[in-house]
Amino acid sequence: MRHLPALLALSIALAACSIHTLVDENTRQSIAGRYSVDPQVAWSRVNQGGVELWTVDGPALESIRFYPGLRDGETFMTARDRTELPAFRADMQASEIMEFVVDSIARAGAGQVQATGLRPMNFGPLPGFRFELSYLTDNGLEMQGLVAGAATDGELHLIVYSGASLYYFPKYEDDVERIIDSIEML
């Protein structure tokens, strides 16, 4: 595990200490009482510190992370030294949020983090954005990701899906697309 970037190592450590529940693929799921989604497949679910993580094959291989209602001054990741992580600002534009995500992932230990394809996209009924990610774990595993989000009323909602590029990312990509398309605000 010491070769995984801090982002993945933290996810695994949190998952090991938490109770996982199975997501019923046929029932809409509430995300922190803020919005709901249609899960598409039976994911394993764990909630830690307001972040909900869903995975089928394990967070080191693929996962969806839901960050509902990140507020001004908060980081969307956890690290030993929080002062090193960038913080969300309520006045950020979509391009700045993309940089915020990239910087956060890079500071958590991923290499060659790149984001592309920033474009508008609805987050349920909210005007939002979307972009794609790529990065390397510190043992050289190529990861791919997509991020969908919206900043509204001073809060940031993010959905981050990532997985190993060669198999796990494409394995659930269509399911994740349908999850994002199914967002309904509560």
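Here are some worked exercises on the predicted model above.

Residues are numbered from 1 along each chain as its sequence is written. Local features need pLDDT of at least 70 and side-chain atom pairs pLDDT 80 or more, while totals for chains, interfaces and linings use all residues, and side-chain values use heavy atoms, without hydrogens or water.

**Exercise 1. Get an overview of the chain**

Task: find how many helices and strands the protein chain has, and in which pattern they follow each other.

Solution:
- Start with the elements: helices (H or I, at least four residues) and strands (E, at least two) are DSSP runs, numbered from the N terminus.
- Count them up, and you get three helices and 11 strands.
- Now read along the sequence: the pattern is α-β-β-β-β-β-β-α-β-β-β-β-α-β.
- Last, check burial (buried is under 20% relative accessible area, exposed over 50%, partly exposed in between, with a 1.4 Å probe and protein chains only). Of the 186 residues, 48% are buried.

**Exercise 2. Walk across the sheet**

Task: work out the strand order of the open sheet of eight strands, then see what packs on the sheet.

Solution:
- Strands pair if DSSP finds at least two bridges between them.
- Going across, the order is β1-β4-β5-β6-β10-β9-β8-β7, and the pairing is antiparallel.
- At the edges sit β1 (21-22) and β7 (111-123), each pairing on one side only.
- Zoom in on β9 and β10: these antiparallel strands are joined by 10 bridges. Gly145 stands opposite Ser162 in β10.
- Then add the helix: α3 packs on the sheet and touches β5 (51-55), β6, β7, β8, β9 and β10 (contact means heavy atoms within 4.5 Å).
- The direction of α3 makes about 155° with that of β10 (axes are lines fitted to C-alpha atoms, for helices over the stretch in contact, with angles from 0 to 180 degrees between N-to-C directions).

**Exercise 3. Explore the cores**

Task: find which element gives the most residues to the largest nonpolar core.

Solution:
- A nonpolar core is a set of buried Ala, Val, Leu, Ile, Met, Phe, Trp, Tyr and Cys residues joined through side-chain atoms within 4.5 Å.
- The largest one has 26 residues, and those with the most contacts inside it include Phe76, Phe100 and Leu156.
- Two or more residues each come from β6 (62-71), α2 (94-107), β8 (126-136), β9 (142-152) and β10.
- The winner is α2, with six residues.
- There's also a second, separate core of 23 residues, with Val41, Trp54, Phe66 and Ile183 among them.

**Exercise 4. Describe an aromatic pair**

Task: classify the pair formed by Phe88 and Phe100.

Solution:
- Rings of Phe, Tyr and Trp (its six-membered ring) pair if their centres lie within 6.5 Å; planes under 30 degrees apart count as stacked, over 60 as edge-to-face and the rest as tilted.
- Here the centres are 6.4 Å apart with 55° between the planes, so the pair is tilted.
- Place the rings: Phe88 is in the loop between β6 and α2, and Phe100 is in helix α2, 12 residues apart.
- Both are buried, Phe88 at 0% relative accessibility and Phe100 at 2%.

**Exercise 5. Look around Ser165**

Task: decide whether Ser165 is buried or exposed, and list its contacts.

Solution:
- Find the spot: Ser165 lies in the loop between β10 (155-164) and α3 (168-181).
- Its relative accessible area is 18%, so Ser165 is buried.
- Leaving out residues up to four places away in sequence, Ser165 touches Glu142, Met143, Gln144 and Pro170.
- Finally, the side chain of Ser165 reaches the backbone nitrogen of Gln144 at 3.4 Å.

Methods:
A polar contact is a pair of N or O atoms within 3.5 Å; within protein, one must be able to donate a hydrogen and the other to accept it, and residues adjacent in sequence count only if both atoms are side-chain atoms.
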